[in-house]
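Work through the exercises below with the sequence and the coordinates open. Each task is followed by a solution in steps.

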Amino acid sequence: MTSPCPDCPWRVDAVGVFPAQAFRHSAGTAYDMAQHTFACHSAGAENPRICAGFLLRGADHNLSVRLKYIQGQIGHVHDGGLELHNSYRAMAVANGVSPDDPVLADCRD
C-alpha cells in the first residue's frame, strides 16, 4: 500500500474500528528487531501487504522492514496528508489498550 486506507488503524480519525485485543496481538511488530510485520487489513489474505501506516510510523525498528527497504522491496509510501498516530503505543492506547499493559512495554517509540 502506498498510503493509509480509509479505516487504517494508524489514522487518528479511525480510532475504534478494531478492538483493543487486535492491538495487543500485533504489538510485537513494533518491538526492536521484530521479524513480523503489521499487515494491511484491506489487502486481504490472498494479496498480503505491509500496512502503509505501519511503514510510516511503526516500522523503524522492525528488522524485516529494514531488510525489505535495503533490498528495494518497499517503494515510496506517503501519509496522504492524514494525521497518523506517532507510534504503535500511541495507536494501541487510543484504541483501548492500557498504557500499563505489559504487551506494550517492549514497543519502540
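**Exercise 1. Charges**

Task: State how far apart the mean positions of the positive and negative charges of the protein are.

Solution. Begin with the counting rule: Lys and Arg are positive, Asp and Glu are negative, and His and the chain ends are not counted. Each charge is then placed at NZ of Lys, CZ of Arg, CG of Asp or CD of Glu. The protein has 8 positive and 11 negative charges, and their mean positions lie 5 Å apart.

The model is predicted: local features need pLDDT of at least 70, side-chain atom pairs count only at pLDDT 80 or more, and totals for chains, interfaces and linings use all residues. Residues are numbered from 1 along each chain as its sequence is written, and side-chain values use heavy atoms, with hydrogens and water left out.

**Exercise 2. Overall form**

Task: Describe the secondary structure of the protein and compare its radius of gyration with that of a compact globule.

Solution. Helices (H or I, at least four residues) and strands (E, at least two) are DSSP runs, numbered from the N terminus. The protein has four helices and zero strands, in the order α-α-α-α along the sequence.

For the size, take the radius of gyration over C-alpha atoms and the globule rule as 2.2 Å times the number of residues to the power 0.38. With 109 residues, the rule gives a radius near 13 Å; the protein has 13 Å, so the two agree. The C-alpha trace spans about 35 × 30 × 25 Å along its principal axes.

Next come contacts, meaning heavy atoms within 4.5 Å. Of the contacts with a separation of 6 or more, 67% join residues 24 or more positions apart.

The last step is the surface, with areas from the Shrake-Rupley method with a 1.4 Å probe; for residues, only the protein chains shown count as cover. About 6,000 Å² is exposed, and carbon and sulfur atoms supply 50% of it. Buried means under 20% relative accessible area, exposed over 50%, and partly exposed in between (1.4 Å probe, protein chains only). By that rule 38% of the 109 residues are buried.

**Exercise 3. Cysteines**

Task: Count the disulfides and explain why Cys8 has no bond to its closest cysteine sulfur.

Solution. A disulfide is a pair of cysteine sulfur atoms within 2.5 Å. The sulfur of Cys8 has its closest cysteine sulfur in Cys51 at 3.6 Å, which is too far for a bond. For Cys107 the closest cysteine sulfur is also in Cys51, at 15 Å, again too far. The count is therefore zero disulfides. Cys8 is buried at 2% relative accessibility, and Cys107 is buried at 5%.

**Exercise 4. Two buried loop residues**

Task: Locate His85 and Phe38, and list what each one touches.

Solution. His85 sits in the loop between helix H3 (63–70) and helix H4 (88–94). Its relative accessible area is 8%, so His85 is buried. Beyond its neighbours within four places in sequence, the contacts of His85 include Pro9, Trp10, Arg11 and Arg57, together with Ala90, Met91 and Ala94.

Phe38 belongs to the loop between H1 and H2 and is buried at 8% relative accessibility. With neighbours within four places set aside, Phe38 contacts Pro9, Trp10, Ser26, Thr29, Ile50, Cys51, Phe54, Tyr88 and Met91. Across 36 residues of sequence, the C-alpha atoms of Phe38 and Thr2 are 14 Å apart.

**Exercise 5. Met33 and Ala34**

Task: Is Ala34 buried or exposed, and what is the phi of Met33?

Solution. Met33 lies in the loop between helix H1 (20–26) and helix H2 (52–57). Its phi is positive, about 65°, although Met33 is not a glycine. Met33 is partly exposed, at 39% relative accessible area.

Ala34 is placed in the loop between H1 and H2, but is buried at 8%. Not counting residues up to four places away, Ala34 touches Gly28, Thr29, His61, Asn62, Leu63 and Ser64. The C-alpha atoms of Ala34 and Ser98 are 22 Å apart, with these positions 64 residues apart in sequence separation.

**Exercise 6. Ala14**

Task: Which residues does Ala14 contact outside its sequence neighbours?

Solution. Ala14 is in the segment before H1 and is buried, with 4% relative accessible area. Leaving aside neighbours within four places, Ala14 is in contact with Pro6, Asp7, Cys8 and Asn95.
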